[in-house]
Amino acid sequence: PTPWVAPPIAKHAVIRVLVGHRPYRAHGCRVERELLDDKVVIHNYGHGGGGLSLGWGSSALAVREAADLVPGEVAVVGSGIMGLCTARLLQDAGWSVTIYTRDVYRHTTSNVAAGEWGPFSTHDDSKVDAAFLSRLDWAARVSHHAYTNLTGTKYGIRWMETYDLYEAPLGEPVHGSFDDLFTYRGDLVPGEHPFGQRYARRMVTMQIDPGTLLRQLTADFQLAGGRFVIHSFADRAEVLALRENVIFNCTGLGAAALFDDPDLLPAKGQLVYLPPDPGIDYMTFGGGDGGDHGFLHMFPRRDVVVLGGIFKLGDNSRNVEAHETERIVQEHSKLFQSFG
């Protein structure tokens, strides 16, 4: 971008702080079919920090598990990004879909996301095999293609330059098998950018406004004849008591209790919201002290500037941590202090 514009970062400018929990499985997301009692249950959950990015692709994998069934009435449990994408794909395949959900979309974990196409923080590399990585690659590419068809203000998706910041020169690749989907890549050394003495990788990807996307997918689902039922399930027996014989489980963290999955853990995140600035037309990752907290990230959405930098695995607390807000603001302030 020319000229470079720094975000309006200051503690007194913070307008909101939100906490959310990513549904993380070290072994990767669970997308598989299971026969429970007389019900066909198809699981689609556990995407960690990549749920928004993988929504269409992982849901396509899930819907493919029902390809041998005659379309009829089907239940989708959960109304986050996985539930909505699964429901829309099922409608396209001829199913009559009811979404059962405890929370409408604006109260889901998916809505507490910074919003960038980048299917990362999804698994532990040491605990997955080649078959999983192949499916992840397929899901990432399908999702990327789907989102490119939805760019524009209606779905809240736009192309934007992104800068990954590092303390040392980078090797190739850094994004795994789908590195080629990040276009306009270029490596910058200190002096070629305003981020001090760091090394930067520039690329272009899609920024996603979760609220706009989820709201529009909800409208699309309803316009196609889908219906919502607000219901909180206490256990698996209540899920299996649904009248539909085919059930898609898109419950995110809820699957830990509903379907006895001990591998599913919360990864706490905390986002700091600042007033919007239309002059900021790039995203950043990294550049902070990091440690066990997670990469810093800055996303300039149309409604707000979002700052993040927390990935606390196993922490299911819902309270806003004032010291983390302070750290996120201070580290981002230091990152952009070299801007003129």
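**Briefing: a predicted chain of 340 residues**

Phi of Ser121 is near 55°, a positive value in a residue other than glycine. Most residues other than glycine have a negative phi. The structure is a predicted model, in which local features need pLDDT of at least 70 and side-chain atom pairs count only at pLDDT 80 or more, while totals for chains, interfaces and linings use all residues. Residues are numbered from 1 along each chain as its sequence is written, and side-chain values use heavy atoms, with hydrogens and water left out.
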